[in-house]
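Reader: I'd like to learn how to read a model like this one. Could you take me through a few features?

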Amino acid sequence: MPTAAPVKLSSFFLPRSTDAERLARALDGQVWIGNAYWTLGEEDGWTADPFDDRLWRMELNSLRWADVLRRAGRQRPEACDTWLTLVRNWLHARTDGRVPEEAWALVPVTQRTQVLALGVIHLFNGEDPPQDVLEALEDHLGVLEERLLTGRETYQAEVINAYVIGTGALPEGRDRAVGFIDRLVSRVIDERGLSAAGTPHGAVGRAAEWGRSIDLLSTSLDEPVPWRERLTRARELLVHATRPDGTLVRTGVGPYPAWDELVPAGPDEAYVASSGREGVPPADLDFVASSGWAFSRSGWGETERDFSDETFLSVRFGAADGKGRHQDNLSLTYWSHGIEWLTEIADPDGSGPVETGQRELHSTVAVNDVRFRPHSHAELIRCRRSMRVSEFSLNDQAYLPVQCRRRVLYSETGDYTVVMDQLRSSDPHAGTQNWIVPADAEVTVTGPTVTIVREGKTFVMKWLSLPAPEVEVREVRGDDTSSTCIARRLVVRFSGSSTRLITFFGAFQNPDNIHVSRTPLEDGAIAIQVSTDRHQEQLVATSEGAGIGAYHEGAPDIVVRIRNQALFGDRDPAAENALRLAVREEINAVKANVHADHGTAAARRAAMSRLLQFAERQGITGFRDYGLGAALIDLAGEDLRAVIENTALVTQQKRTHVVNWTGDPGLYHPFYGVPMRTLRSVPERFDTTTARYMLSIDFGQLVLPSYVNLESEGDTLAVMFHGATDRVRNTMPRFERMRSMEQLRVGPLAFFSDPCLDLDANMILSWYAGTEELNLHERIAAYVDGLARSAGARRVVLIGNSGGAFTALQVASYLPGACVVAFNPQVEIDRYVPRIAEDAQLNLFGRSSVADDADVAPRMNVIRRFEEIGFDRKVYFVQNTGDEHHYLDHFLPFRTAFEASSRAENLRTYTPDLGPGHRVPPPNDYLAQVREGMKFFFGAEL
């Protein structure tokens, strides 16, 4: 006989105050149904008039009236006999034709299953239950299995609960339940533990219901069930569905809670709940939930851009009947630069005007005069991030005669989005493409371009379809035309049997300098050229995928790369590392030849030709090129720039040249406007006759750029390192806080730009670490030492924030007597955001972590490096307590290690609360803390 599993029964099965009276009547064959007692004998009662009453039939077929006998248990032997008699009477009445089939309600099948199962467990424990009851229970379990696999999601948690209880009454029932639910979970719950529901909050709640129901089964098993881990991951959706303002993305009927209404359950939830103040940022930038959402974002606030300023987009798909009244398949929302630009009309409880749920009042496409299928489905057919583009492609079955496809492409390098809507049918059709913007937006239409202004910031939408469509702006109001405007709706009308609408949009600081054009290619592919005052690139979309290329590059070449990547994928790790080493060897050899030929134009031309041929043979096209693009830029300089300016390896770099090949004293940097000098190694003596100049040290694959300012009198050399770099907004080399540091006036200044960022044009942090054969921290220390001696500076202070502070600490470890002012540094790189830390180490060392390499590991771990020098450096550590990740994972371990050393007095800390996120003090306060650090190092004398 089966052993009963631990179960949590609903109130339906709990004892009641009426049990004593109803038990006594039931023992006489009378049961309570509706509002009266009924005699349900073998020959009478089953054809009673109330069969015409649907509610009466439902209560009859729930078998609720029999459960009072089960609750009496085996303490009343006659209760067991009566329960069996009445249940058998009910079974026979179902099969002998005395009652028309339409009179039997199937709705209470979950309740009836539990009545039968609990009766078998409680009344026949230790005995063989009647075979006809077991067969009836088997039939009911079959109905539940079918409902779980094909039924509506709304009832699944309830059905699982009944199924688990039902299988518990059968011999070997647990094995059957484990096998079936494993099959069920694999089919309807994705790897993130999510199944379809109306809102992100609802989907997570539904997963919790599934978990509670399945717990009934798993608590009776000795081994962990395979689906348990999936269900515990369901809350990941809350993290990725959180907009930068801290609320869940709006979609369908609410609720749309903020995190102050939810309780964070993990470090990533704490991170988004606090906008970066607490916890740890999630690893993924893209996220897809089978429950009906796809999300992408530009980041989690890892650079000095606040979490609230990151770009965030969501796309809705899935089953239409799971979203209340909202017909929002393929609807899109968009947030960027701290502003919500494309929104959903708030309808948190479904009580708003019915019109807010209609298709045309979402940022999606609506087809006129074609029936919207309320039980339709939108399917995500592609999701991937490759060649610096996040791509979501979706098909919508909302209009049966019309094929609807939406393709969403987000460029992480250009921080803009392209949406391609394609509609096809055998017959002509008409409809609208709709975009919903907040009610307070100022909207200006100029031909196919729309400019939206909110809170002093600008969002640009441009239609690239041919012919250019007309855009209408309408107000969305509540119940009547006199009510308040609740949103603005941008409308593009279309008609015909085939429609293709291509929409470009993004938030930009200087909208007047945006130039976007479209070039059609073969086989339906397109190229979109984007030029802003900060960035130029070309986005190419083919049927196989999408990718970014150079602005002036031939689009067919980009198409080939996209198709090759789609067909063959990325290189395996071993091949990628071999390529990394081959590129370094090639660059070093080429540069050695050029230097030997004194940097002549002919030598540099030959070198560029050799590198371009090498790149073509190796299939290297840009971004992660291990320094090829930077080498080409330096080889070209100003005089040969035209040779390579349209090359993908170059145009994607956002970098100026930093090498003076001939030693020409009249060569000035095009942006910083100071003379450029280049050496091939760190000198012992530095030029102190020129007030300001750039000096680059050409190590081969890496070229270290620096900026020297000798204008201020004093005997303290202050050195500044930059932190994480937003590659969309910044051009390399980057020298941070040049103007504010000039206000120190304690002596000469030096600024360093991280050359390791040249290895991958999309990498934001590399900590000046060098490569396995080049310890850049040590070389920078030698540089600083030589400059200090040459300039007569008897004291050195190294300054930085974030990754720059990490570098300051590392450089100081190789420079006896140096002191450090560190703002919010990383300390152990393997404890930083894996997506960033692993990517950098792959570029630098060919491995995602070097923790097991005794020679290299200390360069990525300040504590290990300081242990090697006995903590013999003075450090003034400024840590924002509002940045919990850095406070807990970096500041506290460093302080603990320092205080445990014999040099604890060398550390002084300052822990202000600067608000949530990876923040440093404003410029004046920043300088004040630098001065405080110098007082700690040098006393009152500055």
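Author: We'll go feature by feature, starting with a helix and ending with cysteines. Keep in mind that this is a predicted model.

Reader: Let's start with α3. Is helix α3 enclosed or open, and why?

Author: The idea is to count buried residues, where buried means under 20% relative accessible area. In helix α3 (residues 64-72), seven of the nine residues are buried, so the helix is largely enclosed by the rest of the structure. Those buried residues are Trp65, Ala66, Asp67, Val68, Leu69, Arg70 and Ala72.

Reader: What covers the buried residues of α3?

Author: The cover includes the helices and strand α1 (19-27), β1 (30-33), α2 (54-62), α4 (77-95) and α5 (109-123). Have a look at the residue just after α3 too: Gly73 takes a positive phi of about 70°.

Reader: Now strands. How do I read β16?

Author: You can use the burial count again, then ask who pairs with the strand. Five of the seven residues of β16 (residues 457-463) are buried, so this strand is largely enclosed by the rest of the structure. Strand β15 (residues 449-454) pairs with β16 in the antiparallel sense over six bridges, and Thr451 has Val460 in β16 as its bridge partner. β16 also pairs with strand β18 (residues 485-508), again antiparallel and over six bridges. There, Phe459 stands opposite Ala507 in β18.

Reader: And how many residues sit between the strands in the hairpin of β15 and β16?

Author: Two, and in that hairpin Glu455 takes a positive phi near 50°.

Reader: Which strands form the open sheet, and in what order?

Author: For a sheet, write down the strand order first, then look for the edges. Here four strands run in the order β19-β20-β21-β22, with antiparallel pairing. The edge strands are β19 (515-520) and β22 (546-549), each of which pairs on one side only. From one strand to the next, the twist averages 20°. Zooming in, β19 and strand β20 (residues 526-531) pair over six bridges, and Ser517 has Gln529 in β20 as its bridge partner.

Reader: Which way do side chains point along a strand?

Author: In a regular strand they alternate between the two faces of the sheet.

Reader: Let's take a single residue. Is Asn434 buried or exposed?

Author: Asn434 is buried, with a relative accessible area of 0%. For a polar side chain like that, I'd look up its partners next. Asn434 lies in strand β13 (residues 416-437), and its side chain makes a polar contact with the side chain of Arg489 at 2.9 Å. Leaving aside neighbours within four places in sequence, the contacts of Asn434 include Glu360, His362, Ser363, Leu490 and Val491.

Reader: Which residues have the most contacts inside the largest nonpolar core?

Author: Phe752, Leu798 and Phe894 do, in a core of 70 residues. Helix α20 (residues 776-791) supplies the largest share of this core, seven residues.

Reader: Last one, the bench question. How many disulfides does a search of the whole structure find?

Author: A disulfide is a covalent bond between the sulfur atoms of two cysteines. The search of this whole structure finds zero. You can still read the cysteines by burial: Cys383 counts as partly exposed at 36% relative accessibility, whereas Cys485, at 15%, counts as buried.

Terms used
Residues are numbered from 1 along each chain as its sequence is written. This is a predicted model: local features need pLDDT of at least 70, side-chain atom pairs count only at pLDDT 80 or more; totals for chains, interfaces and linings use all residues. Side-chain values use heavy atoms; hydrogens and water are left out. Buried means under 20% relative accessible area, exposed over 50%, partly exposed in between (1.4 Å probe, protein chains only). A polar contact is a pair of N or O atoms within 3.5 Å; within protein, one must be able to donate a hydrogen and the other to accept it, and residues adjacent in sequence count only if both atoms are side-chain atoms. Contact means heavy atoms within 4.5 Å. A disulfide is a pair of cysteine sulfur atoms within 2.5 Å. Two strands pair if DSSP finds at least two bridges between them. Axes are lines fitted to C-alpha atoms, for helices over the stretch in contact, and angles run from 0 to 180 degrees between N-to-C directions. A nonpolar core is a set of buried Ala, Val, Leu, Ile, Met, Phe, Trp, Tyr and Cys residues joined through side-chain atoms within 4.5 Å.
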